[in-house]
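Dear colleague,

I am passing on the structure we spoke about, and below it you will find my notes on what turned up when I went through it. Please read them alongside the coordinates.

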Amino acid sequence: MGVRVKTRIWVDKEGHELMGPGIYNILKALEETGSIASAARRLGYSYKFIWTYIKKLEDVLGVPLVESRRGGKERGVTELTEIGKLLLNYYESMSREVEQVAKTWEAKFSELLSALEQYKSEQAQ
C-alpha cells in the first residue's frame, strides 16, 4: 500500500469552531436539499441538532447563515445566505489546496521510503 498523508481541517476563532467537516457537511446538505429536515435525514441527525448547530455558529459569527421561508405548497424552504455560501466556498477551496499539498508530500515520502528500501537492500549485501 502506498503512502497516504491524511488531513482534517478545522477553522477556529478564539476557541470556537467556525468550520470543520461537521458544519461543512451540514451546510452542504442544507444547500443541496433546501430543508433542515431533509438535511437532518440525509446526515442522520435530528432537526433540533442541525438547527442548534447552525444557530451557535451564527452567534459566534454575528451574522445569519440561513434564511427560512415557511408555508406554501413547498412546506417551507431554508437556504444559505450569501455568507453561508461564502463559508462553504472558502472551506471547499481550502480543502482542495490542502489536498494538493498532501499529495505533494505523499510523493516525497514515497521517494524517501523507496530510497530507504534501496539503502537497506544495499546494506544487506
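**Salt bridges in the first helices**

Glu31 is partly exposed, its relative accessible area being 38%. Before going further, please keep in mind that this is a predicted model. Glu31 forms a salt bridge with Lys28, and the closest N and O atoms of that pair are 3.3 Å apart. Both residues belong to helix H1 (residues 21-33), where they are three residues apart, about one turn of the helix. Lys28, for its part, is also partly exposed, with a relative accessible area of 22%, a value that lies in the range between the 20% under which a residue counts as buried and the 50% over which it counts as exposed.

The neighbouring entry in my notes is Glu32, which forms a salt bridge with Arg42 in which the closest N and O atoms are 2.4 Å apart. Since Glu32 lies in helix H1 and Arg42 in helix H2 (residues 36-43), this pair ties together parts that are 10 residues apart in sequence. Glu32 is partly exposed at a relative accessible area of 49%, and Arg42 is likewise partly exposed at 48%.

**A link across the chain**

The structure holds 10 salt bridges, and one of them brings the side chains of Arg4 and Glu99 together, at 3.6 Å from N to O. This pair links distant parts of the chain, with Arg4 in the segment before E1 and Glu99 in helix H4, 95 residues apart. Glu99 is partly exposed, with a relative accessible area of 24%. The contact also belongs to a wider arrangement, in that Arg4, Glu99, Lys103 and Glu106 are linked in a network of salt bridges.

**Aromatic rings and the nonpolar patch**

The structure holds four aromatic pairs. One of them is formed by Trp105 and Phe109, whose rings are 6.3 Å apart from centre to centre, with 50° between the planes, so that the pair counts as tilted. Because Trp105 and Phe109 are four residues apart in helix H4, about one helical turn separates them. Trp105 is partly exposed, with a relative accessible area of 42%, and Phe109 is partly exposed at 41%. Trp105 has a charged neighbour as well, since Lys108 lies over the face of Trp105, at 4.3 Å from the ring centre. Elsewhere, ring pairs link Tyr45, Phe49 and Tyr53 into a cluster.

Trp105 and Phe109 appear again in a nonpolar surface patch of about 550 Å², which they make together with Val101, Leu112, Leu113 and Leu116. What is the accessibility of Leu116, given as a relative accessible area? Leu116 has a relative accessible area of 42% and is therefore partly exposed, which means that this residue passes the requirement of over 30% that applies to members of a patch. Leu116 is placed in helix H4 (residues 82-124).

**The hairpin**

Strands E1 and E2 run antiparallel and are joined by three bridges; among the residues involved, Lys13 has His16 in E2 as its bridge partner. The hairpin of E1 and E2 has two residues between the strands, and Glu14 takes a positive phi near 50° there. Most residues other than glycine have a negative phi. Glu14 is not a glycine, yet its phi is positive, at about 50°, and for that reason I would ask you to look at the place of Glu14 in the loop between strand E1 (11-13) and strand E2 (16-19). With 74% relative accessibility, Glu14 counts as exposed.

**A buried leucine**

Is Leu57 buried or exposed? Leu57 is buried, because its relative accessible area is 4%, and the cut-off for that class is under 20%. Leu57 lies in helix H3 (residues 47-61). Leu57 and Leu18 are 39 residues apart in sequence, while the distance between them in space is 6.5 Å, C-alpha to C-alpha.

With kind regards

Notes
Residues numbered from 1 in each chain as written. Predicted model: local features only at pLDDT ≥ 70, side-chain atom pairs only at ≥ 80, totals over all residues. Heavy atoms only, no water. Buried < 20%, exposed > 50% of the residue type's maximum accessible area, 1.4 Å probe, protein only. Pairing = 2+ DSSP bridges. Patch = residues over 30% accessible without salt bridge, like charges linked within 9 Å, V, L, I, M, F, W, Y side chains within 5 Å. Areas by Shrake-Rupley, 256 points an atom, 1.4 Å probe, with all protein chains shown as cover. Salt bridge = Lys/Arg side-chain N within 4 Å of Asp/Glu carboxyl O. Phe/Tyr/Trp six-rings, centres within 6.5 Å; stacked < 30°, edge-to-face > 60°. Lys NZ or Arg CZ within 6 Å of the ring centre and 35° of its normal.
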